Amino acid sequence: MSRYTIALNNHYQSRHRLHAVTWAEVQSGPPHALSWTMTCKVEGEVVSTATANQKGVAKEEAARIACERLGIN
């Protein structure tokens, strides 16, 4: 996990909402050039989506956007 993913998880865990954050992933493209789209949901509502050529990079970017939108630093 990276900075924003950790910040997002810590924010909700500190409020005893352990399962508030969920992720949906979609991969697309040919096997040699996969693209990952990660969607961050908070309590079932889509908060952010990001796409990158690495799953972890897409997840961290989606977490960064979610933190920004939710005012989490």
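The exercises below, each with a worked solution, concern a predicted model.

**Exercise 1. Establish the strand order of the sheet and identify its edge strands.**

Solution. Begin with the pairing between E1 and E2, which is antiparallel and extends over 8 bridges; within it, valine 21 stands opposite valine 42 in E2. Turn next to strand E2 (residues 35-42) and strand E3 (residues 45-52), which also run antiparallel and are joined by 7 bridges. Taken together, these pairings give an open sheet of 3 strands in the order E1-E2-E3. The edge strands are E1 (21-28) and E3, each of which pairs on one side only. As for the twist, neighbouring strands of this sheet are turned against each other by 20° on average, with direction ignored.

**Exercise 2. Trace the register of E2 against E3, naming the bridge partners of threonine 37, threonine 39 and cysteine 40.**

Solution. Starting with threonine 37, the residue that stands opposite in E3 is threonine 51. Moving along E2 to threonine 39, one finds threonine 49 as the bridge partner in E3. For cysteine 40, the partner in E3 is serine 48.

**Exercise 3. For each of the two hairpins, state how many residues lie between the strands and which residue has a positive phi.**

Solution. Take the hairpin of E1 and E2 to begin with: 6 residues lie between its strands, and glycine 29 takes a positive phi near 95°. In the hairpin formed by E2 and E3 there are 2 residues between the strands, and glutamate 43 in the turn has a positive phi of about 50°.

**Exercise 4. Describe how the helices lie across the sheet, and then examine the span and burial of H2.**

Solution. Helix H1 (residues 3-13) lies across E1 and E2, and its direction makes an angle of about 150° with E1. Helix H2 (residues 55-70), by comparison, lies across E1, E2 and E3, running at about 140° to E3. To check the span of H2, note that its 16 residues reach 22 Å from the first C-alpha to the last, which is close to the 22 Å expected at 1.5 Å a residue. The buried residues of H2 are Ala58, Glu60, Ala62, Ala63, Ile65, Ala66 and Cys67, and what covers them includes H1, E1, E2 and E3. Just after H2, glycine 71 takes a positive phi of about 75°.

**Exercise 5. Decide whether alanine 52 is buried or exposed, and describe its surroundings.**

Solution. Locate the residue first: alanine 52 is found in strand E3. Its relative accessibility is 16%, and because the cut-off for burial is under 20%, alanine 52 counts as buried. If residues up to four places away in sequence are not counted, alanine 52 touches Ser35, Trp36, Val57 and Ala58. Of these, tryptophan 36 is 16 residues from alanine 52 in sequence, while the C-alpha atoms of the two lie 5.5 Å apart in space.

**Exercise 6. Determine how many aromatic pairs the structure holds, and where the charged end of arginine 3 sits.**

Solution. The count of aromatic pairs in the structure is 0. The charged end of arginine 3, for its part, sits over the ring of tyrosine 4, at 4.5 Å from the ring centre.

How values were computed. Residues are numbered from 1 along each chain as its sequence is written. This is a predicted model: local features need pLDDT of at least 70, side-chain atom pairs count only at pLDDT 80 or more; totals for chains, interfaces and linings use all residues. Side-chain values use heavy atoms; hydrogens and water are left out. Two strands pair if DSSP finds at least two bridges between them. Helices (H or I, at least four residues) and strands (E, at least two) are DSSP runs, numbered from the N terminus. Axes are lines fitted to C-alpha atoms, for helices over the stretch in contact, and angles run from 0 to 180 degrees between N-to-C directions. Contact means heavy atoms within 4.5 Å. The expected span of a helix is 1.5 Å times one less than its number of residues. Buried means under 20% relative accessible area, exposed over 50%, partly exposed in between (1.4 Å probe, protein chains only). Rings of Phe, Tyr and Trp (its six-membered ring) pair if their centres lie within 6.5 Å; planes under 30 degrees apart count as stacked, over 60 as edge-to-face and the rest as tilted. A charge sits over a ring if NZ of Lys or CZ of Arg is within 6 Å of the ring centre and within 35 degrees of the ring normal.
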